[in-house]
Amino acid sequence: MITVDLKLVGVVLLIMVAIVLMIFLIIAVSNLTKTLKKLNGILDDASVVTNIVQEKAKETKPVVDDLSSAIVSFSRAAKGEENRIQSLSSVAKSLSSMVSIIKNNK
């Protein structure tokens with residue numbers, strides 16, 4: 001006749017569950033490490049792209065400002081508030097800014 005102690009069976013079951021959980025946690029941490037490495041690579045690429053966009057935005061800001069002033073000059077000239085020479089000078093300035101950006105990109 002074999003006597004089984006329920007307390008001992010419970011302890012053995014808890015130890016087996018703890019071992020399974022430890023294995024699961026080790027696998028999860030391993031997968032998480034791989035995921036974090038990939039995420040760091042993606043963030044580095046995004047940082048490079050963001051820096052490029054920031055530089056291009058700084059380059060194009062003067063052109064946008066010049067075009068905006070040219071449009072304002074044309075509208076003032078159309079209303080008779082500004083002479084045409086001033087509006088043409090604004091257009092020339094904006095065109096020269098665009099040409100300089102095109103030359104810098106090549």
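K61 is partly exposed, with a relative accessible area of 49%. That value falls in the partly exposed class because exposed means over 50%. The model that holds this lysine is predicted. K61 is a good place to start, as its side chain leads to a partner.

That partner is D65. The side chains of K61 and D65 form a salt bridge, with 2.9 Å from N to O. The two residues are separated by about one helical turn, because they sit four residues apart in helix α1. D65 has a relative accessible area of 39%, so this aspartate counts as partly exposed. Side chains of opposite charge can pair when their charged atoms come close.

How many salt bridges does the structure hold? There are two. The other pair is E59 and K56, whose side chains meet at 3.9 Å, N to O. This distance still counts because the cut-off is within 4 Å. Both residues belong to helix α1. They are three residues apart, about one turn of the helix. E59 is partly exposed because its relative accessibility is 31%. K56 has a relative accessible area of 39%, so K56 is partly exposed too.

Now look at T60, which is also found in helix α1. Is T60 buried, partly exposed or exposed? Its relative accessibility is 34%, so T60 counts as partly exposed. A polar atom of the T60 side chain lies 3.3 Å from the backbone oxygen of A57. T60 also has a neighbour from far along the chain. S97 is 37 residues away in sequence, yet the C-alpha atoms of T60 and S97 are 8.6 Å apart in space.

Next, follow helix α1 back to its start. The helix spans residues 6-79. V12 lies within it. V12 has 40% relative accessibility, so V12 counts as partly exposed. This valine belongs to a nonpolar patch on the surface. Its fellow members are I2, V4, L8, V9, L13 and M16. Together the patch residues have about 690 Å² of accessible area. Patches take residues with over 30% relative accessible area, so V12 at 40% meets that cut-off.

Finally, step back to the whole protein. Which secondary structure elements does the protein have? It has two helices and zero strands. Of the 106 residues in the protein, 11% are buried. Buried means under 20% relative accessible area, so the 31% of E59 places this glutamate outside that class. The accessible surface of the protein comes to about 9100 Å². Carbon and sulfur atoms account for 70% of that surface.

Definitions and conventions:
Residues numbered from 1 in each chain as written. Predicted model: local features only at pLDDT ≥ 70, side-chain atom pairs only at ≥ 80, totals over all residues. Heavy atoms only, no water. Patch = residues over 30% accessible without salt bridge, like charges linked within 9 Å, V, L, I, M, F, W, Y side chains within 5 Å. Areas by Shrake-Rupley, 256 points an atom, 1.4 Å probe, with all protein chains shown as cover. Buried < 20%, exposed > 50% of the residue type's maximum accessible area, 1.4 Å probe, protein only. Polar contact = N/O pair within 3.5 Å; in protein donor to acceptor, adjacent residues only side chain to side chain.
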